[in-house]
Each structure stands twice: as C-alpha cells, then as structure tokens.
Number of protein chains: 2
Amino acid sequence: MPKIVDHDERRREIVAVTKEIILRGGFEAATMRSIASTAGFANGALKHYFRSKESIVAAVFDEVLAEMTEVIGPGTDDPSLDGLRHHLEAMLPLDEPRITAGRVLLALWEYAMSDDELAKRYREHVADWRAALVAKLAACRAAGTITVATPDEDLASELMNVTIGANVLSLISPMGSLIESYERYIDSFIARM
Amino acid sequence: MPKIVDHDERRREIVAVTKEIILRGGFEAATMRSIASTAGFANGALKHYFRSKESIVAAVFDEVLAEMTEVIGPGTDDPSLDGLRHHLEAMLPLDEPRITAGRVLLALWEYAMSDDELAKRYREHVADWRAALVAKLAACRAAGTITVATPDEDLASELMNVTIGANVLSLISPMGSLIESYERYIDSFIARM
C-alpha cells in the first residue's frame with residue numbers, strides 16, 4: 001500500500017512553523033533550512049510542498065490576512081454603538097497575542113515592498129477591510145446610532161490608520177503599555193459618533 | 001604630505017548611499033558589498049569608517065530620526081489652529097518624497113524588532129515626538145484654540161498612530177492616491193478641536 005501523506009496538512013504545518021519563526025526572529029530567520037529543520041523535515045523535502053521560500057511566504061501572508069479578515073469581517077449585525085465598539089475592539093491590538101501577531105504583519109509589509117504579487121494581495125485585503133468597515137458604519141448610521149457629519153469613508157480611513165499605527169507602536173513599546181490608550185481611543189471615537 | 005581624508009564626510013556619504021539602497025530595495029539589498037560598490041569604495045574599505053553593517057544601519061537610523069525630529073519638532077510657536085494645521089501637514093506623508101521616505105522607516109522598524117539598541121533609540125524618538133506634540137496641543141489649548149474635552153495625551157496618540165498608519169498605507173497604495181484622504185483627515189481633526 002502506498003504511504004498516505006496528507007499533502008494539505010503538511011503544507012499547513014509548514015506555514016504554521018514559518019509564521020512562528022518570523023514571529024520570533026523576523027524575516028531573515030525564515031530560511032528554507034530553518035523552516036525544514038523546525039518542521040522536522042529532511043533538507044530538500046520542503047520542495048515537495050512548496051516550490052520556493054517565496055511561495056511559503058505567500059501562503060503565510062494569505063493565512064495572516066485570512067485571520068485578519070475573520071476579525072474585521074461583518075461580525076455581528078448589531079448596528080448599536082455597542083456593536084461598533086465590539087468591532088473596534090476586535091481590530092485593535094488590545095492583548096498580547098494580537099500585539100505579537102503584528103510582528104508577522106510588519107515582516108510581511110517589508111517583504112511586500114519588493115514583491116508585487118504580495119503587495120497586490122495586501123492592497124486587495126485593505127480594500128476588503130475598508131469595505132467591511134464602511135458597511136458597518138453605514139449600518140450604524142442607518143440605525144441612527146451615528147450622526148456625526150464626517151463621511152463614513154473618512155471615519156473608516158482614520159480607524160484603519162490608527163489600527164496600523166497601533167500595531168507598529170505596540171510592538172516597539174513595552175508589552176501591553178499602550179492597551180489602555182487604545183481603549184481610551186475607542187471610548188472617545190464612540191463618543192464622537 | 002599625508003593624504004587628507006575627511007572622515008566625517010566619508011561617513012555621511014556611506015550613510016546617504018545606504019539609505020538610497022534601502023529606499024530602492026529594502027534591507028536585504030543593503031550589504032557591505034553593495035554599499036561599498038555603490039559608494040565607489042574598494043571592498044573592505046568601508047571598515048575604516050564603520051565596524052559593521054549594524055553600525056551603518058544605526059547611523060542611517062539616527063539620520064532618519066533626526067530628519068523626522070526636525071519635522072515634528074517645536075516648529076513655529078503659532079498656537080492658532082493654522083499653526084496646528086501646519087504641524088500636522090508637516091507630519092503626514094502628503095507628497096511623494098515623504099511617502100517614499102516611509103520605505104526606510106518600514107525597513108528600520110523591521111530591523112529594530114531584532115536589535116534592542118535600535119528599538120531603544122526608536123522608543124526614545126517616539127517619546128520625544130509625543131512630548132513635542134503634547135506641548136504643541138497644550139500651547140493651542142492655553143491660547144483657547146483647542147477646547148475639546150479629549151486630553152492632549154490622547155489626541156497626540158491618535159495623531160501619532162494615524163501618521164504611522166498613513167506611512168504604511170501610502171507605501172502599499174498607488175503613489176499619491178491617499179494624499180487627499182489625509183488632507184481631509186487634517187480638516188476634520190482641526191474642526192473637532
């Protein structure tokens with residue numbers, strides 16, 4: 001009987017290991033050799049699952065963006081200010097796992113700067129993110145919970161910029177030291193609506 | 001007569017060349033070899049000016065932060081809303097050179113993630129930036145041009161996060177496509193004050 005190997009499962013393992021390596025040591029630490037040895041593969045065996053480091057990185061990128069899409073997706077349909085608050089709390093790095101996850105995103109931005117295909121994927125992700133946020137804000141406005149004059153598009157831009165900035169500053173600052181300031185930001189954003 | 005070499009001038013050249021290389025190709029493109037050849041030095045001659053790639057990078061980091069400090073520094077003492085507007089316009093990436101300069105910053109953030117000394121310098125820079133912004137906002141408040149209830153510290157945090165997010169999103173998006181949205185953000189921030 002032929003040995004049965006779950007190809008997709010192995011690919012997922014490789015992606016998880018690569019993400020872990022980037023999280024700890026950044027992009028430079030993720031080499032075909034370090035990925036193979038951490039995943040417990042013989043040198044060269046990775047090639048059965050991914051053509052190149054670039055294709056592994058693309059898969060990590062897809063997974064990170066998919067995780068983020070889950071977070072920033074339509075979520076609950078609750079158009080109250082509480083529903084909006086939950087949406088913002090899900091986006092911002094308000095706990096250690098999300099602060100740490102920003103490390104992978106930073107590495108991927110840097111990588112996407114010299115990889116057009118990854119840059120294109122990230123732009124699509126940003127467009128989806130913007131659309132989901134605008135839809136959320138529009139629902140709140142339709143329900144009368146948002147009455148501020150600033151257009152939804154501009155509110156969405158502010159929230160996206162703050163989220164990205166928060167990812168960077170939270171990584172650079174002592175772990176967790178900015179969480180309270182982001183909670184206050186959410187309070188004050190909600191109060192403005 | 002001994003050959004006179006302006007040591008500091010050579011160091012500045014090397015820093016400028018390295019910044020240019022990072023701007024075009026990111027961190028991976030900046031090697032001792034590529035820096036030497038672009039600067040027109042013989043291989044190995046760099047060592048007379050910098051011990052290692054790390055020390056060149058630290059010098060680039062210092063220069064980029066010094067440039068940013070000029071931009072975000074006390075600036076004019078004008079505590080009117082116009083003075084505040086100029087301050088925000090100086091911070092945000094509202095033209096092509098500043099959008100491009102964000103490329104170096106992104107590379108340096110990534111690098112600082114695995115270099116404690118650079119991370120410390122960036123944290124100090126962020127603390128200075130925050131202090132300068134809070135001072136600017138406090139001056140506007142003392143002059144009666146800011147009356148919003150949100151504390152200056154929180155307004156400063158919002159502005160810093162938006163600036164960092166704007167750096168990242170402007171790099172990922174088609175060149176210049178977000179400039180208008182940042183101009184609208186400044187308008188709406190000023191209107192809130």
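**Entry 1: B:Arg130**

Is B:Arg130 buried or exposed? I looked it up, and B:Arg130 is buried, with a relative accessible area of 19%. My cut-offs: buried is under 20% relative accessible area, exposed is over 50%, and partly exposed is in between, with a 1.4 Å probe and protein chains only.

Ground rules before I go on. I am working on a predicted model, where local features need pLDDT of at least 70, side-chain atom pairs count only at pLDDT 80 or more, and totals for chains, interfaces and linings use all residues. Residues are numbered from 1 along each chain as its sequence is written, chains are lettered from A and ligands numbered from 1 in the order in which they are written, and side-chain values use heavy atoms, with hydrogens and water left out.

B:Arg130 sits in helix H6 (residues 116–142) of chain B. Helices here are DSSP runs of H or I with at least four residues, strands are runs of E with at least two, and both are numbered from the N terminus. For contacts I take heavy atoms within 4.5 Å. Not counting residues up to four places away in sequence, B:Arg130 touches A:Leu178, B:Glu153, B:Ser157 and B:Met160. I also checked B:Phe27, which is 103 residues from B:Arg130 along the chain; their C-alpha atoms are separated by 27 Å.

**Entry 2: A:Ser173**

A:Leu178 came up again when I turned to A:Ser173. Leaving aside neighbours within four places in sequence, A:Ser173 is in contact with A:Leu178 and B:Arg123. A:Ser173 is in the chain A loop between helix H7 (152–172) and helix H8 (179–192), and is buried at a relative accessible area of 16%. Which backbone oxygen lies 2.6 Å from a polar atom of the A:Ser173 side chain? That of A:Leu169.

**Entry 3: the cavity**

I searched the whole structure and got 1 cavity of 30 Å³ or more. The definition: on a 1 Å grid over the protein atoms alone, a cavity is a set of points where a 1.4 Å probe fits but cannot get out, and lining residues have an atom within 4 Å of a point. Grid points are joined across faces, edges and corners, and the volume is the space filled by probe spheres set on the points. The largest cavity comes to about 100 Å³.

Its lining draws on both chains, including A:Asp154, A:Glu158 and A:Asn161 from chain A and B:Tyr182, B:Arg184 and B:Tyr185 from chain B. The elements giving two or more residues to that lining are H7 of chain A and helix H8 (179–192) of chain B. I sorted the lining residues into 4 nonpolar, 5 polar and 3 charged. For that sorting, Ala, Val, Leu, Ile, Met, Phe, Trp, Tyr, Cys and Pro are nonpolar, Asp, Glu, Lys and Arg are charged, and the others, Gly among them, are polar.

**Entry 4: salt bridges**

My rule is a side-chain nitrogen of Lys or Arg within 4 Å of a carboxyl oxygen of Asp or Glu. How many salt bridges does that give over all chains? The count is 30. Side chains of opposite charge can pair when their charged atoms come close. I noted three pairs and a network.

- B:Glu67 and B:Lys19 meet at 2.7 Å, N to O. They join distant parts of the chain, 48 residues apart: B:Glu67 in helix H3 (residues 53–72) and B:Lys19 in helix H1 (residues 7–25), both of chain B. B:Glu67 is partly exposed at 36%, whereas B:Lys19 is buried at 18%.
- B:Asp152 and B:Arg141 meet at 2.8 Å, N to O. This pair links H7 (residues 152–172) to H6 of chain B, 11 residues apart. B:Asp152 is buried at 13%; B:Arg141 is partly exposed at 27%.
- B:Arg121 and B:Glu117 have their closest N and O atoms 3.4 Å apart. Both lie in H6 of chain B, 4 residues apart, about one turn of the helix. B:Arg121 is partly exposed at 23%, as is B:Glu117 at 41%.

The network links A:Glu158, A:Arg192, B:Glu158 and B:Arg192. A:Glu158 also appeared in the cavity lining above.

**Entry 5: around H2 of chain B**

In helix H2 (residues 32–39) of chain B, I found B:Ser34, B:Ile35, B:Ala36 and B:Ala39 buried. Just after H2 of chain B, B:Gly40 takes a positive phi of about 75°. Further along, B:His48 is in the loop between H2 and H3 of chain B, and counts as exposed at 60%. The C-alpha atoms of B:His48 and B:Arg10 are 9.8 Å apart, with their positions 38 residues apart along the chain.

How values were computed. Polar contact = N/O pair within 3.5 Å; in protein donor to acceptor, adjacent residues only side chain to side chain. 1 Å grid on protein atoms, 1.4 Å probe; cavity = no way out; pocket = protein on both sides within 12 Å on 5 of 7 lines; lining within 4 Å.
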